[in-house]
Amino acid sequence: MKIVVADDDPLARQLTGRVLTGAGYEVLAVEDGLKAVELLSRQNGPRLALLDWTMPGLSGPDVCRRMRVLPDHPYVYMILLTSRESKEDTVSGLEAGADDYLTKPCDPEELKARLRAGIRILQLQDQLFHEARHDPLTQLPNRAHFMKRLTACFGEAKRRHDYRFAVLFVDLDRFKNINDTLGHAAGDKLLRQVAIRLSAAIRSDDAVA
């Protein structure tokens, strides 16, 4: 899994990167907060970040604030690293949007354990996000997601005159007869098969909703 390590101390970046690489992470090391935000805000960017509190450009808490206000961006789990130990600093860092807080020098095993906890939280978050946007029977995007996607397409069409999109309506003729004669279990099975075939027939940048 990719993780951004942002620290203006080259030795700290090297040592932390070595620990995390040995634990199986793909480490993207940067020396300031601006570069951290640039990496984290990319589409399909890293979902984990280890941020030094004090850095040039943007501090660790500043990076957290920037990431938390990005609209519709996948959740990023961020841990602040600092030599500050006061309760006020802890509260300040967490209120900035950090998920966790470690004081320097941190124990490598504790760091890895906290990152594993972060991954579990990300997995749960992704599962809940998927369930909120998809039909539980067919696993196709649901009506709420369709309306959101349609609104976004209309907005893009207003901004760009060269933008085109199409909406395809698919109906199943005499589907009620399946439920009435073979039962709802058979109807559910048919819907799942239709969903599988629809998903297999579209391009990766198309949407089924």
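Which residues line the largest cavity? Keep that in mind as you go through these notes on a predicted model.

1. **The cavity and its lining.** A search of the whole structure turns up 1 cavity of 30 Å³ or more, and the volume of the largest cavity is about 40 Å³. To answer the opening question, its lining is made up of Val5, Ala6, Asp7, Ala12, Arg13, Thr16, Leu50, Leu51, Asp52 and Leu81. Three elements give two or more residues to this lining: β1 (2-6), α1 (10-22) and β3. If you would like to find the empty space yourself, remember that rolling a probe the size of a water molecule over the atoms shows where it is left.

2. **What kind of residues are these?** Sorted by class, the lining of the largest cavity has 6 nonpolar residues, 1 polar residue and 3 charged ones. Try assigning each name in the list to its class as an exercise.

3. **Aspartate 52, a residue to look at twice.** Asp52 is among the residues lining the largest cavity, and its side chain also meets that of lysine 104 in a salt bridge, at 2.8 Å from N to O. This pair links distant parts of the chain, with the partners 52 residues apart: aspartate 52 sits in strand β3 (residues 48-52), while lysine 104 is in the loop between β5 (100-103) and α5 (108-133). Is aspartate 52 buried or exposed? Aspartate 52 counts as buried because its relative accessible area is 6%, under the 20% cut-off. Lysine 104, at 32%, is partly exposed.

4. **A salt bridge within helix α7.** Lysine 176 and aspartate 180 join their side chains in a salt bridge, 2.7 Å from N to O. Both belong to helix α7 (residues 175-182) and are 4 residues apart, about one turn of the helix. Lysine 176 is exposed, with a relative accessible area of 59%, and aspartate 180 is exposed too, at 52%.

5. **Helix α6 and a network.** Arginine 159 pairs with glutamate 156 in a salt bridge whose closest N and O atoms are 2.7 Å apart. Here the two partners lie 3 residues apart in helix α6 (residues 143-159), again about one turn of the helix. Why does arginine 159 count as exposed? Because its relative accessible area is 61%, and exposed means over 50%. This pair also belongs to a network of salt bridges linking Glu156, Arg159, Arg160 and Asp162.

6. **The overall count.** The total comes to 15 salt bridges. As a general reminder, side chains of opposite charge can pair when their charged atoms come close.

Note on methods
Residues numbered from 1 in each chain as written. Predicted model: local features only at pLDDT ≥ 70, side-chain atom pairs only at ≥ 80, totals over all residues. Heavy atoms only, no water. Salt bridge = Lys/Arg side-chain N within 4 Å of Asp/Glu carboxyl O. Buried < 20%, exposed > 50% of the residue type's maximum accessible area, 1.4 Å probe, protein only. 1 Å grid on protein atoms, 1.4 Å probe; cavity = no way out; pocket = protein on both sides within 12 Å on 5 of 7 lines; lining within 4 Å. Points joined across faces, edges and corners; volume = space filled by probe spheres on them. Nonpolar A, V, L, I, M, F, W, Y, C, P; charged D, E, K, R; others polar.
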